Amino acid sequence: MKYVIPLILILIIGSCKQRNTAQNMQLDELLMELQNLNDTVSLLDTSVVLGESRIIKSNLKLIHEHADTINVETASIIAEVYEERNKIFFVEDNYKSFTNELTISTQQLNKLKQDLNNGLLTDESFNTYYEQEKSIILNLNQKISESYKEAKRVVSFIQKEDAKIDSLITYLKEEKELNQ
């Protein structure tokens, strides 16, 4: 009888550690996914995106101010730049939001892990919090992946068309000087 109580305690503690180990592994997987998202955000050359954004804004402003009539080819390039510019502006406007959301999610997961290891969570409450965090991370992953993929594509497009846009701006400036 005197060995039964310690044996029961050992079994209870052992089963809790196994449960916590599986749940800790789930949390570690989400933390790794967050780290991958952080790496994705870090890989985007923000100086290029922000630089292209400024150039687009400046060029479109100049074109608006100086263009009365243009040829069809030039108009189609300008139309494409107008259509695509919002994708770069979206990344520019949401970059800080993405990094903040990643930081908050990482903090939340670390707190959840700490609560789990301190025995403050039931299986049900852990599963609820885990699913909420998992859903947030999946949504964030989708937003970041789509917007960054599109931003890279748009930067490539704009860099390809940059010479045509520069020649249009040069032409418009020269035309303005001749008309003065």
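Start by selecting Thr103, which is found in helix 3. Helices here are DSSP runs of H or I with at least four residues, strands are runs of E with at least two, and both are numbered from the N terminus. Before you go on, note that this is a predicted model, in which local features need pLDDT of at least 70, side-chain atom pairs count only at pLDDT 80 or more, and totals for chains, interfaces and linings use all residues. Residues are numbered from 1 along each chain as its sequence is written, and side-chain values use heavy atoms, with hydrogens and water left out.

**Stop 1: around Thr103**

Is Thr103 buried or exposed? Thr103 counts as partly exposed, because its relative accessibility is 42%. The cut-offs are under 20% relative accessible area for buried, over 50% for exposed, and partly exposed in between, using a 1.4 Å probe and protein chains only. Now add Leu34 to your selection: Thr103 and Leu34 are 69 residues apart in sequence, and their C-alpha atoms are 8.9 Å apart in space.

**Stop 2: along helix 3**

Select residues 72-117 to see the whole of helix 3, with its 46 residues. At 1.5 Å a residue this helix should span 68 Å, and its end C-alpha atoms are 66 Å apart, so the two values agree. The expected span is 1.5 Å times one less than the number of residues. Next, look at Asn94, where a kink of about 50° in helix 3 is centred. A bend at a residue is the angle between two axes, one fitted to the seven residues ending there and one to the seven starting there. Then go to Gly119, which follows helix 3 and has a positive phi, near 75°.

**Stop 3: Asn24**

Move to helix 1 (residues 4-43) and pick Asn24. Asn24 counts as buried because its relative accessibility is 14%. Which residues does Asn24 touch, leaving aside its neighbours within four places in sequence? Show Lys113, Leu116 and Asn117, which are in contact with Asn24; contact means heavy atoms within 4.5 Å.

**Stop 4: helix 4**

Asp123 lies in helix 4, and it is partly exposed, with a relative accessible area of 36%. Select Gln23 as well: Asp123 and Gln23 are 100 residues apart in sequence, yet 9.1 Å apart from C-alpha to C-alpha. The 57 residues of helix 4 should span 84 Å at 1.5 Å a residue, and the end C-alpha atoms are 77 Å apart, which agrees. On the way you pass Glu161, the centre of a kink of about 50° in helix 4. Leu172 is also in helix 4, and it counts as buried because its relative accessibility is 3%. Add Glu65, 107 residues from Leu172 along the chain, and you will find their C-alpha atoms separated by 9.4 Å.

**Stop 5: an empty space inside**

Rolling a probe the size of a water molecule over the atoms shows where empty space is left. On a 1 Å grid over the protein atoms alone, a cavity is a set of points where a 1.4 Å probe fits but cannot get out, and lining residues have an atom within 4 Å of a point. Grid points are joined across faces, edges and corners, and a volume is the space filled by probe spheres set on the points. How many cavities of 30 Å³ or more are there? The count comes to one, and the largest cavity has a volume of about 60 Å³. To see its lining, select Ile55, Ile56, Asn59, Leu60, Ile63, Ile78, Val81, Ile158 and Ile165. Helix 2 (46-66), helix 3 and helix 4 (123-179) are the elements that give two or more residues to this lining. Helix 2 gives the most, with five residues.

**Last stop: the whole chain**

Zoom out, and you have four helices and zero strands. Buried residues make up 29% of the 180 residues in the chain.

Key: On a 1 Å grid over the protein atoms alone, a cavity is a set of points where a 1.4 Å probe fits but cannot get out, and a pocket is an open set with protein on both sides within 12 Å along at least five of seven lines; lining residues have an atom within 4 Å of a point.
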